[in-house]
Amino acid sequence: MTAQIIDGRAIANAIKEEVKEDVAALKAQGTQVGLAVILVGDDPASHVYVGSKIKACEAAGIESFEHRMAENCTEQDIRHVIKNLNGNPNVHGILMQLPLPDHLLDVQEKLVQMIAPEKDVDGLTITNAGKLFLAHGDGHVPCTPQGCMHLIRSVTPDLRGKTATVIGRSNLFGKPMGQLLAQADCTVNMVHRYTKDLIAASKNADILVVATGNVDLIKAEHVKAGAIVIDVGINRVPSDNPDKKWKIVGDVDYEAVKEVAGYITPVPGGVGPTTIACLLANTVKAATI
Ligand code: NAD
């Protein structure tokens with residue numbers, strides 16, 4: 001069997017089209033949707049991510065407010081920016097690109113929690129995490145797991161009774177992913193670095209979602225025949241193309257696993273595009289609450 005590839009770009013484009021229509025409708029009613037992005041420091045990957053988010057905002061008609069802050073800025077400087085954005089009626093969503101530089105890592109969580117929950121389009125505040133946990137529909141759900149649900153539902157709309165394994169249990173991804181799958185009536189298994197038998201934990205999954213940051217962690221032997229495999233990992237490895245120094249790969253041994261799985265997401269072109277599309281969708285939602 002060779003797996004069907006789940007085309008994240010196509011699914012993201014469909015979401016972006018809906019967002020564009022919603023943004024235009026809100027504009028016609030007098031609301032220009034706006035997203036503020038806070039980027040601290042010089043990390044090249046963060047600059048690339050922020051660049052694509054801003055480009056996607058422009059394409060959807062969302063106004064972006066960029067706050068690029070120096071590598072050596074202080075906690076106080078960032079607090080000041082967040083406070084102003086919380087009070088700015090033109091800004092409906094606030095995104096702070098993570099991680100912050102090393103000297104701010106100790107206060108990163110405190111700064112995230114300063115963002116007004118209704119503008120927290122990354123869904124990282126305690127209020128939004130609690131709303132997700134209690135299945136209140138009015139909170140913001142983190143963008144990457146939300147995007148993964150679109151990818152999974154594109155091939156299996158009814159998830160009731162499926163066995164799902166999520167590998168990785170971060171606040172940003174694994175925990176909210178587990179909640180969303182449980183709310184879709186899956187039986188969820190959450191796996192992490194201390195799980196004793198990774199093969200046993202993943203082999204029975206109808207849906208296997210992998211987010212650990214380990215190249216080729218998941219091989220054919222980890223995957224049930226016909227399973228849906230969602231690869232969230234982003235890892236930079238040396239490129240075999242002489243024109244490029246690096247290439248991006250996921251956590252799944254794609255070539256081997258696609259011979260066993262029923263459906264698989266590629267890296268790049270799988271989870272990444274839907275993450276950005278869901279950020280735009282959350283921003284529109286923020287403009288209506
Ligand atoms: P994290 O470092 O916070 O968490 C990693 C998780 O993986 C931990 O829970 C850890 O216990 C688990 N883990 C690590 N090694 C393991 C192993 N050998 N076996 C089982 N579990 C193991 O990372 P994160 O923020 O959740 O991100 C995970 C990956 O997903 C990274 O590669 C990140 O770049 C990527 N990511 C991609 C997107 C996207 O839009 N495509 C968004 C967020 C994160």
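How many aromatic pairs does the structure hold? In this predicted model, the count is zero. An aromatic ring does take part in another kind of arrangement, however: R236 lies over the face of W246, and the distance from the ring centre is 4.3 Å.

The packing of helices offers a good place to look next, beginning with helix 1 (residues 8-28) and helix 10. The axes of these two helices are 8 Å apart, and the angle at which they pack is about 20°. Because angles under 35 degrees count as roughly parallel, helix 1 is described as roughly parallel to helix 10. The crossing in which helix 1 passes helix 10 is left-handed. On the side of helix 1, the contact is made by G8, R9, I11, A12, I15, K16, V19, D22, V23 and L26. Helix 10 contributes P273, T274, A277, C278, L280, A281, V284 and A287. Sorted by class, the residues of this contact between helix 1 and helix 10 comprise 13 nonpolar, two polar and three charged.

Helix 10 (residues 271-287) also packs with helix 2 (residues 44-60). Here the angle is about 55°, and the axes lie 10 Å apart. That angle makes helix 2 oblique to helix 10. The crossing of helix 2 and helix 10 is right-handed. From helix 2, the residues making the contact are S52, K53, A56, C57 and A60, and they meet I276, L279 and L280 of helix 10. In this contact of helix 2 with helix 10, six residues are nonpolar, one is polar and one is charged. L280 of helix 10 can thus be found in the contact with helix 2, and L280 is also listed in the contact with helix 1.

What angle do helix 1 and helix 2 make where they pack? The answer is about 55°, with axes 9 Å apart. This makes helix 1 oblique to helix 2. The contact joins K16, V19, K20 and V23 of helix 1 to A56, A59 and A60 of helix 2. The classes in this contact of helix 1 with helix 2 are five nonpolar, no polar and two charged residues. Among the residues of helix 1 named here, K16, V19 and V23 also appear in the contact with helix 10. On helix 2, A56 and A60 touch helix 1, and A56 and A60 belong to the contact with helix 10 as well.

The backbone has some details worth a look too. Which residues are joined by a cis peptide bond? One such bond joins L98 and P99, with omega about 0°. P99 is found in the loop between strand 4 (93-96) and helix 4 (105-112). Another cis peptide bond links V267 to P268, again with omega about 0°. The loop that holds P268 runs between strand 11 (263-264) and helix 10.

A further backbone detail concerns D185. Although D185 is not a glycine, its phi is positive, at about 70°. D185 sits in the loop between helix 7 (174-183) and strand 6 (187-191).

Definitions and conventions
Residues numbered from 1 in each chain as written. Predicted model: local features only at pLDDT ≥ 70, side-chain atom pairs only at ≥ 80, totals over all residues. Heavy atoms only, no water. Phe/Tyr/Trp six-rings, centres within 6.5 Å; stacked < 30°, edge-to-face > 60°. Lys NZ or Arg CZ within 6 Å of the ring centre and 35° of its normal. Axes fitted to C-alpha atoms, helices over the stretch in contact; angles between N-to-C directions. Helix = DSSP H or I, 4+ residues; strand = E, 2+ residues; numbered from the N terminus. Parallel < 35°, antiparallel > 145°, perpendicular 65-115°, else oblique. Left-handed = near helix turned anticlockwise from the far one by under 90°. Contact = heavy atoms within 4.5 Å. Nonpolar A, V, L, I, M, F, W, Y, C, P; charged D, E, K, R; others polar.
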